Amino acid sequence: MSQATNTDYREVNFDGLVGPTHNYSGLAHGNVASMRHGGLVSNPREAALQGLAKMKALMDAGYAQGVLPPQQRPDLGALRSLGFSGSNREVLARAAKEAPQVLRAVCSASSMWTANAATVTPSRDAADGRVHFTPANLQSSFHRYLEPETTGRVLAAIFRHESHFAHHPALPATPAFSDEGAANHTRLCGEHGEAGVHLYVYGRQAFGGEVGPKRFPARQTLEASQAVARQHGLAAAQTVFAQQHPEAIDAGVFHNDVIAVGNGPVLLYHEMAFLDEQATLDELRAKMTTPLIPVRVPSEAVSMDDAVASYLFNSQLLSNPDGSMTLVVPGECQEREAVWRTIQDLLLAGHNPIGEVIVKDVKQSMRNGGGPACLRLRVVLSAEERAALTGRVLLSDALYGELSAWVGRHYRDRLAPDDLADPQLADETLTALDELTRILQIGSVYPFQLG
């Protein structure tokens, strides 16, 4: 393996394709948008095309953009493991009658939020010089607990070469090691190819912690974050563990990426992001080799309600060749006067590298509580590592065209929760996913393909 230089590294955003069963079932307790929109009719085709349009726009702007496939849904294997038997049609019909919420859970398209897929450590920071992956166990909710096994297979299929990539098992799926992936992890550095410091944000301690939220559950434990850092071989000098503010969780900030976003040396955050704001900043400054650039948004400028409703902090913060940064925000930010004013006055006119704001419409995802940052898993790769990827997973004009046409062939434009019991939907989904694995050239990764 040749030694990569700092300029060889690029951050690739791997966005999740929205699956054919995208629906509004209101499954995520503590996710205000998801709970508010439960029961509405969704448009899976529009949702998938909105996601692809965001990917294409960023690719056209010069950013490295990757694609991750959705999961197999409905998860008939999960229903069978819960005692539903018979043909697929019989399993779906019985589940719809006896346990409709379970049926909705096994049909969730939540894997599109790939910020929860895994935690990633770049080779630049790893002692063995490889990129490390740990799929999140997502044990805090049943519909997401179903994802890690397939997520691990997908990541292993794409990042296949052992000389470049290391894959770790998901942590034990118990409350003590509740892990929600990169949504609670930020790497801060100078350029992407320079050594980084890893900020892990947790909501509670499984053993010994007393301070925590009262209304909604804290999904990430300190113990889980520490375990992932150990798996990846990170030293104490490379890590900072900070507790999320319990009041933020109770306001609907179920992951840290709903209240803070970092890129390079910039940490954009709401004043209520961390329980001990000053200690978090002090430790980051002490451990980073590049000066930290904190961009603090006070409650006087953006209330917690506006932060959660607009998903200002669930934006993508991207590096440009000239040293500036671009903030990709959801359209909802324009609908909140205080948020849009803050973007113009505090961010664009402030003393920080953020020089451009791009507004993207991801409304189908937003109604389920996922903004632009939820839809992507950030993976910093050297040129050699990018060349070692398996399959057609880096977006190009040709791949964008094929995926858009694939969505047009296989996705419905209307899906109500009651439609999830339709056995034809299950058949449509399997046909679509089988074709998708051929388009992406990643081999057999789904349960139905593996027998």
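Helices (H or I, at least four residues) and strands (E, at least two) are DSSP runs, numbered from the N terminus. This is a predicted model, where local features need pLDDT of at least 70, side-chain atom pairs count only at pLDDT 80 or more, and totals for chains, interfaces and linings use all residues. Residues are numbered from 1 along each chain as its sequence is written, and side-chain values use heavy atoms, with hydrogens and water left out.

**Figure 1. The whole protein, with its 18 helices and 15 strands.** The radius of gyration is 21 Å, close to the 22 Å from the globule rule for 451 residues, so the protein is as compact as a globular protein of that length. (That radius is taken over C-alpha atoms, and the rule is 2.2 Å times the number of residues to the power 0.38.) Along the principal axes, the C-alpha atoms fill a box of roughly 60 × 50 × 40 Å. Of the 451 residues, 60% count as buried; buried means under 20% relative accessible area, exposed over 50%, and partly exposed in between, with a 1.4 Å probe and protein chains only. Contact means heavy atoms within 4.5 Å. Among contacts with a separation of 6 or more, 76% come from residues 24 or more positions apart.

**Figure 2. The surface and the charges of the protein.** The accessible surface comes to about 16,700 Å², and 50% of it belongs to carbon and sulfur atoms. Areas like this one come from the Shrake-Rupley method with a 1.4 Å probe, and for residues only the protein chains shown count as cover. As for charge, there are 38 positive and 49 negative ones, and their mean positions are 4 Å apart. Lys and Arg count as positive and Asp and Glu as negative, while His and the chain ends are not counted. Each charge is placed at NZ of Lys, CZ of Arg, CG of Asp or CD of Glu.

**Figure 3. Phenylalanine 159 and the largest nonpolar core, which has 47 residues.** A nonpolar core here is a set of buried Ala, Val, Leu, Ile, Met, Phe, Trp, Tyr and Cys residues joined through side-chain atoms within 4.5 Å. Phe14, Phe159, Val379, Leu381 and Leu403 have the most contacts inside this core. Skipping residues up to four places away in sequence, phenylalanine 159 touches Phe14, Phe133, Phe165, His167, Val379, Leu381 and Leu389. Another core, of 43 residues, lies apart from it and includes Val253, Ala260, Leu281 and Leu312. In soluble globular proteins, nonpolar side chains tend to be buried together.

**Figure 4. Helix H8, residues 222-231.** Of the 10 residues in H8, 7 are buried, so this helix is largely enclosed by the rest of the structure. The buried ones are Leu222, Glu223, Ala224, Ser225, Ala227, Val228 and Ala229. They pack against strand S3 (118-121), S4, strand S7 (197-202) and strand S8 (239-243). Just after H8 comes glycine 233, with a positive phi of about 70°.

**Figure 5. Backbone oddities in three loops.** Take the loop between strand S2 (64-68) and helix H3 (76-81), where proline 74 is found; the peptide bond leading to this proline from arginine 73 is cis, with omega near 0°. Leucine 138 sits in the loop between strand S4 (131-135) and helix H6 (142-145). Leucine 138 is not a glycine, yet has a positive phi of about 50°, and at 2% relative accessibility counts as buried. Glutamine 441, in the loop between helix H17 (423-440) and helix H18 (447-450), is another non-glycine residue with a positive phi, near 60°. At 47% relative accessibility, glutamine 441 counts as partly exposed.

**Figure 6. Threonine 150 in helix H7, residues 148-158.** Threonine 150 counts as buried at 7% relative accessibility. Leaving aside neighbours within four places in sequence, threonine 150 is in contact with Gln71, Val445, Tyr446 and Pro447. Threonine 150 and glutamine 72 are 78 residues apart in sequence, with their C-alpha atoms 8.5 Å apart in space.

**Figure 7. Two wide C-alpha separations.** Glutamate 337 lies in helix H13 (residues 337-348) and is exposed, with a relative accessible area of 63%. Between the C-alpha atoms of glutamate 337 and alanine 224 there are 38 Å, and the two are 113 residues apart along the chain. Aspartate 128 lies in the loop between S3 and S4 and is partly exposed at 38% relative accessibility. From aspartate 128 to leucine 103 the C-alpha distance is 43 Å, with their positions 25 residues apart in sequence.
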